[in-house]
Amino acid sequence: MHILVLLVALMTTQSVSAQAPAPEPIHAGARPIKMVVLGDSLSAGLGLQASAAFPERLQKSLKDKGIDVDMTNAGVSGDTSSGGRDRLDWSVPEGTEAVILELGANDALRGIDPKLTRGALSEILTRLKARKIAVLLCGMLAPPNYGSDYSARFNAIYPDLAQAFGVPLYPFFLDGVAADARLNQADGMHPTPEGVDVIVKNILPSVQALVGAIAGQRS
């Protein structure tokens, strides 16, 4: 698929910013919350220095706000939702308290049947719920070249699953970055360090709410 087609799709698709509730305060001296970012190249940091990848930049932003998180980057470039499901147990070790689930972009790029994507993400959420691990689900949008029916079926996966499993949804992981050449690498698809910082800034309230909920359960 031509990259420009994807960019046009993302520019013409209205994204909705996540509305996160006010987070619970994190008390000084509390042990760090163990968090895993389970994703693909968008979170793995393809083309970037390790320090510029999304999990590392998010961890720094949280620390700047006095929130201590033990962050693991479990992003694998090229991974699909099924791939994330298959490596879930070793990617999300025992003791993990929160997962940011960022998978599905490669499913859409490859035209994988949305039913398979939905099933894989549903199994991930089911298994994480059974382990009592909090989840922030990050949505993705399908390109238009597979047709409006495909896009409608794919785009509905994330809000449907968020509602079914009662987990918070960040509607579009690349909100504010997709289709902006200034914020993407030469391939037009992966964010630059500046693009990562935009993603972190936009998603931060949702992550703070997730962390606050975990801290509240501890007390």
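The exercises below, each with a worked solution, concern the sheet, two helices and several salt bridges of a predicted model.

**Exercise 1.** Work out in which order the strands of the open sheet stand, and which strands are at its edges.

*Solution.* Begin with the pairs that involve β1. Strand β1, residues 33–39, pairs with strand β2, residues 69–75, in the parallel sense over 7 bridges, and within this pairing Val 36 has Thr 72 of β2 as its bridge partner. Strand β1 also pairs with strand β3, residues 98–102, again in the parallel sense, over 5 bridges, and here Gly 39 has Glu 102 of β3 as its bridge partner. Next, follow β3 to strand β4, residues 134–138, with which β3 pairs in the parallel sense over 4 bridges; in this pairing Val 99 stands opposite Val 135 of β4. Putting the steps together, the 5 strands form an open sheet with parallel pairing, in the order β2-β1-β3-β4-β5. The edges are therefore held by β2 and β5 (169–170), because each has a single partner strand and one side of each is left without a neighbour in the sheet.

**Exercise 2.** Determine which strands are touched by helix α3 and which strands helix α10 lies across, and give an angle for each helix.

*Solution.* Take α3 to begin with: this helix packs on the sheet and touches β1, β2 and β3, and its direction makes about 165 degrees with that of β2. Then turn to α10, which lies across β1, β2, β3, β4 and β5 and runs at about 165 degrees to β4. As for how covered a strand of this sheet is, β1 is mostly covered, since 6 of its 7 residues are buried.

**Exercise 3.** Find which parts of the chain are tied together by the salt bridge between Asp 70 and Lys 34, and decide whether these two residues are buried, partly exposed or exposed.

*Solution.* The side chains of Asp 70 and Lys 34 meet in a salt bridge, with an N to O distance of 3.1 Å. Asp 70 lies in strand β2 and Lys 34 in strand β1, so the pair ties together parts that are 36 residues apart in sequence. For the second part, recall that partly exposed lies between the buried limit of under 20% and the exposed limit of over 50% relative accessible area. Asp 70, at 35% relative accessibility, therefore counts as partly exposed, and so does Lys 34, at 32%.

**Exercise 4.** Describe what the salt bridge between Asp 197 and Arg 57 ties together, and how far apart in sequence these parts are.

*Solution.* In this salt bridge the closest N and O atoms of Asp 197 and Arg 57 are 2.9 Å apart. Because Asp 197 lies in helix α10, residues 193–218, while Arg 57 lies in helix α3, residues 54–64, the pair ties together parts that are 140 residues apart in sequence. Asp 197 counts as partly exposed at 32% relative accessibility, and Arg 57 counts as partly exposed at 26%.

**Exercise 5.** Explain how Lys 60 and Asp 64 are placed along helix α3, and state how exposed each of them is.

*Solution.* Lys 60 and Asp 64 form a salt bridge whose closest N and O atoms are 3.2 Å apart. The two residues are 4 residues apart in helix α3, which means that about one helical turn separates them. Lys 60 is partly exposed, with a relative accessible area of 42%, whereas Asp 64 is exposed, with 56%. Elsewhere, Asp 89, Glu 123 and Arg 127 are joined into one network by salt bridges that share partners, and the count of salt bridges comes to 11.

Notes
Residues are numbered from 1 along each chain as its sequence is written. This is a predicted model: local features need pLDDT of at least 70, side-chain atom pairs count only at pLDDT 80 or more; totals for chains, interfaces and linings use all residues. Side-chain values use heavy atoms; hydrogens and water are left out. Buried means under 20% relative accessible area, exposed over 50%, partly exposed in between (1.4 Å probe, protein chains only). Two strands pair if DSSP finds at least two bridges between them. A salt bridge is a side-chain nitrogen of Lys or Arg within 4 Å of a carboxyl oxygen of Asp or Glu. Contact means heavy atoms within 4.5 Å. Axes are lines fitted to C-alpha atoms, for helices over the stretch in contact, and angles run from 0 to 180 degrees between N-to-C directions.
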